[in-house]
Amino acid sequence: MDESTKVVPGRGGLDDERSEEVLEFLGRTGGLNEETARQWLSEIVCLTLAGESIVGVGTAHPASVALIGGRPFWRFRSLLAPAVQDCWDEMFSCTFDVLADEFTSDPAYVGLCALIEDTAQIEGNPEAVWPETKLMFAGYLEDGRQVRLRYFWGAEIAPGLPNSPPIEETRTHDYPLEDRYRIVPLHETEEIAADEVIRFWEREGAMPEPDEALRRVEEVGLVAVDRDGSVAAVSTLYLARNAQLRMDLWHYRTFVGEAHRRSNLAAQLIFRNRDRQEERFVSGADGRAGGMLFELEHEGMKAYFNKALWLPADFTFITENEFGDHVRVHFFPGATVPTSAH
């Protein structure tokens, strides 16, 4: 974008003359009929100007995105003249900033999403999170369009509880590991044996089928051990393909013993598993999956941690599964995503 080109807010501030220029641009450049052009005009958020001439329009249209659990988003749409196609990122960012300001007083929509249909844009930008716009990959629609989204800060994707923590107050050091516990990798230590984990599951009634316990113990990563040497909590990771994202991810599960559920073990286990797998991916030691995914079943936890971006674990809501569980994902730095819906 050269110095004479700029992106400016245009929401609710266009006079009659400027509005006619927008309609003319939409008809000439986009081939929009008058009815469609006037709808775009009513939804304008930002303009791209070359000097004082309109060369781009960015709009936001209310949309319920079924792929993202039916949550209400603004859908970003843009039309740019051929010479300023490189303004797309700045146009999106301007639109997001304007709507984010509105969100503080009217939180009806949780974020801004973009449905990407330009093959060149998709193939040329395979990053899971686009660095300039912070748009996160969330899957593909059946018609092949790629879905990307960015939530507004503090957006809620479920009803909360009166004591739900404000997003700005949730930090990693707020969940320290209590002195009575240690966390160790099961298959890299002699401190805890696999049969102790199985007995823990049996005592807690967490694994009704013995065969399932024998299979799942191979997936155990980190284990929390109490001061008396007994197992207090167990986490597992298994590699599987996620149908929505169409990519392999580490699927995370954790189980905390009933006597330890007022501790910070659940938080510490997800932090440490995330950091452990992320370090292995970034270093090249294990590149099989570019992120972690988990499904949150507990109704109380879904209400307590009801923000779209779950800090400090840094997992983002992408949908609900068939059981109503919240599905959240964390992409590792440098992760790439499928550049085709097939």
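Which hand does the crossing of H1 and H2 have, left-handed or right-handed? In this predicted model, the crossing of the two helices is right-handed. The contact involves Ser19, Glu20, Val22, Leu23 and Leu26 on the H1 side, and Ala37, Arg38, Trp40 and Leu41 on the H2 side. Sorted by class, this contact comprises six nonpolar residues, one polar residue and two charged residues. Helix H1 spans residues 16-30 and helix H2 spans residues 34-42. Their axes lie 9 Å apart and meet at an angle of about 130 degrees. H1 is therefore oblique to H2.

The cysteines were examined next. The count of disulfides comes to one. The bond is formed by Cys46 and Cys94, whose sulfur atoms are 2.3 Å apart, within the 2.5 Å cut-off for a disulfide. Cys46 belongs to strand E2 (residues 44-50) and Cys94 to helix H3 (residues 88-103), so the disulfide ties together parts separated by 48 residues in sequence. The torsion about the S-S bond is about -85 degrees, and the disulfide of Cys46 and Cys94 is therefore left-handed. Both partners are shielded: Cys46 is buried, at a relative accessible area of 0%, and Cys94 is buried as well, at 12%.

Two further cysteines were considered. For Cys87, the closest cysteine sulfur is that of Cys94, at 11 Å, which is too far for a bond. Cys87 is nevertheless buried, with a relative accessible area of 1%. Cys113 likewise takes part in no disulfide, and the nearest cysteine sulfur, in Cys46, is 16 Å away. With a relative accessibility of 2%, Cys113 also counts as buried, because the class covers values under 20%.

A separate site is centred on Ala213, a residue of helix H6 (residues 210-216). Ala213 has a relative accessibility of 3% and so counts as buried. When residues up to four places away in sequence are left out, Ala213 touches Ile198, Trp201 and Met207. Ala213 and Arg199 are separated by 14 residues in sequence, and their C-alpha atoms are 9.3 Å apart in space.

Methods
Residues numbered from 1 in each chain as written. Predicted model: local features only at pLDDT ≥ 70, side-chain atom pairs only at ≥ 80, totals over all residues. Heavy atoms only, no water. Axes fitted to C-alpha atoms, helices over the stretch in contact; angles between N-to-C directions. Helix = DSSP H or I, 4+ residues; strand = E, 2+ residues; numbered from the N terminus. Parallel < 35°, antiparallel > 145°, perpendicular 65-115°, else oblique. Left-handed = near helix turned anticlockwise from the far one by under 90°. Contact = heavy atoms within 4.5 Å. Nonpolar A, V, L, I, M, F, W, Y, C, P; charged D, E, K, R; others polar. Buried < 20%, exposed > 50% of the residue type's maximum accessible area, 1.4 Å probe, protein only.
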